[in-house]
Amino acid sequence: MTTVAPGGRDGTDRPGVRQAERADLLEIHRIEQASFPQPWPFSALESYLGEEGFLVAEAGTEDGVPTVAGYVIADTVPNHGTPLGHVKDLAVREEYRREGVATALLESALEAVIATGAGSVKLEVRADNDGARRLYRQFGFQHRKTIPNYYSNGEDAQVMVRLL
């Protein structure tokens with residue numbers, strides 16, 4: 001289990017990060033629906049349960065129970081003998097944005113991918129999502145190509161890659 005406790009490596013307060021559990025799925029699905037114009041269906045999220053790279057960040061509490069502030073789904077696929085990491089989905093509940101939640105999630109997801117022996121990791125991001133692209137660049141991701149009309153509403157995606 002991957003965990004980032006408050007008071008992260010860089011000395012900032014970061015939310016706790018842990019592996020997603022079945023009990024988290026409804027909140028994850030709500031965050032997904034609120035974050036994306038074409039959200040993943042519940043069944044797609046459910047299919048990643050048990051994967052090392054399916055992580056949630058907890059922040060604050062409601063009646064003593066931590067709130068799911070965001071989640072990430074990352075995995076690896078075979079790639080000519082060296083696994084290729086893929087950050088498939090990352091979203092943060094609106095009231096927790098710009099508080100280090102996405103940073104903690106991405107850092108933990110990259111640790112999970114690195115542990116598999118992956119040589120690089122890729123992701124797709126909406127070309128107009130400046131905040132997300134800025135975050136990914138801070139983690140060493142570089143724009144490799146643009147895929148026109150990648151999203152069902154016709155938006156382009158940028159493919160970003162980081163060598164590990």
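**Exercise 1. Describe the largest pocket of this predicted model: how much space lies in it, and what lines it?**

Solution.
- Start with the volume: the largest pocket holds about 1100 Å³ of space.
- Next, look at the lining, which is made up of 34 residues. Nearest the centre of the pocket lie Phe-36, Leu-90, Asn-129, Ala-132 and Tyr-136.
- Now place the lining on the fold. Two or more residues each come from α1 (25-35), β4 (84-92), α3 (101-115), β5 (120-126) and α4 (130-138). The largest share, seven residues, is given by β4.
- Finally, sort the lining by chemistry: 17 residues are nonpolar, eight are polar and nine are charged.

**Exercise 2. Work out which kind of aromatic pair Tyr-136 and Phe-141 form.**

Solution.
- Recall what you need: a pair of aromatic rings is described by the distance of the centres and the angle of the planes.
- The structure holds three aromatic pairs. In one of them, the ring centres of Tyr-136 and Phe-141 are 5.9 Å apart and the planes meet at 65°.
- Ring centres must lie within 6.5 Å to pair, and planes over 60 degrees apart count as edge-to-face. The pair of Tyr-136 and Phe-141 is therefore edge-to-face.
- Check the surroundings too. The cut-off for buried is under 20% relative accessible area. Tyr-136, at 7%, is buried, and so is Phe-141, at 2%.

**Exercise 3. Find the ring that the charged end of Arg-126 sits over.**

Solution.
- Go to Arg-126 and follow its side chain to the charged end.
- The ring beneath belongs to Tyr-151, and its centre is 3.8 Å from that charged end.

**Exercise 4. Is Gly-100 buried or partly exposed, and how far is Gly-100 from Pro-15 in sequence and in space?**

Solution.
- Locate Gly-100 first: this residue is in the loop between β4 and α3.
- Its relative accessibility is 21%, so Gly-100 counts as partly exposed.
- Then compare the two separations. Gly-100 and Pro-15 are 85 residues apart along the sequence, while their C-alpha atoms are 7.6 Å apart in space.

**Exercise 5. Summarise the whole chain: which elements does it hold, and how compact is it?**

Solution.
- Count the elements: four helices and seven strands.
- Read them from the N terminus, and the order is β-α-α-β-β-β-α-β-α-β-β.
- Compare the radius of gyration, 15 Å, with the 15 Å that the globule rule gives for 164 residues; the two are close, so the chain is as compact as a globular protein of that length.
- Add the outline: along the principal axes, the C-alpha atoms fill a box of roughly 45 × 35 × 30 Å.
- Finish with burial, where 45% of the 164 residues are buried.

Conventions: Residues numbered from 1 in each chain as written. Predicted model: local features only at pLDDT ≥ 70, side-chain atom pairs only at ≥ 80, totals over all residues. Heavy atoms only, no water. 1 Å grid on protein atoms, 1.4 Å probe; cavity = no way out; pocket = protein on both sides within 12 Å on 5 of 7 lines; lining within 4 Å. Points joined across faces, edges and corners; volume = space filled by probe spheres on them. Nonpolar A, V, L, I, M, F, W, Y, C, P; charged D, E, K, R; others polar. Phe/Tyr/Trp six-rings, centres within 6.5 Å; stacked < 30°, edge-to-face > 60°. Buried < 20%, exposed > 50% of the residue type's maximum accessible area, 1.4 Å probe, protein only. Lys NZ or Arg CZ within 6 Å of the ring centre and 35° of its normal. Rg over C-alpha atoms; globule rule 2.2 N^0.38 Å.
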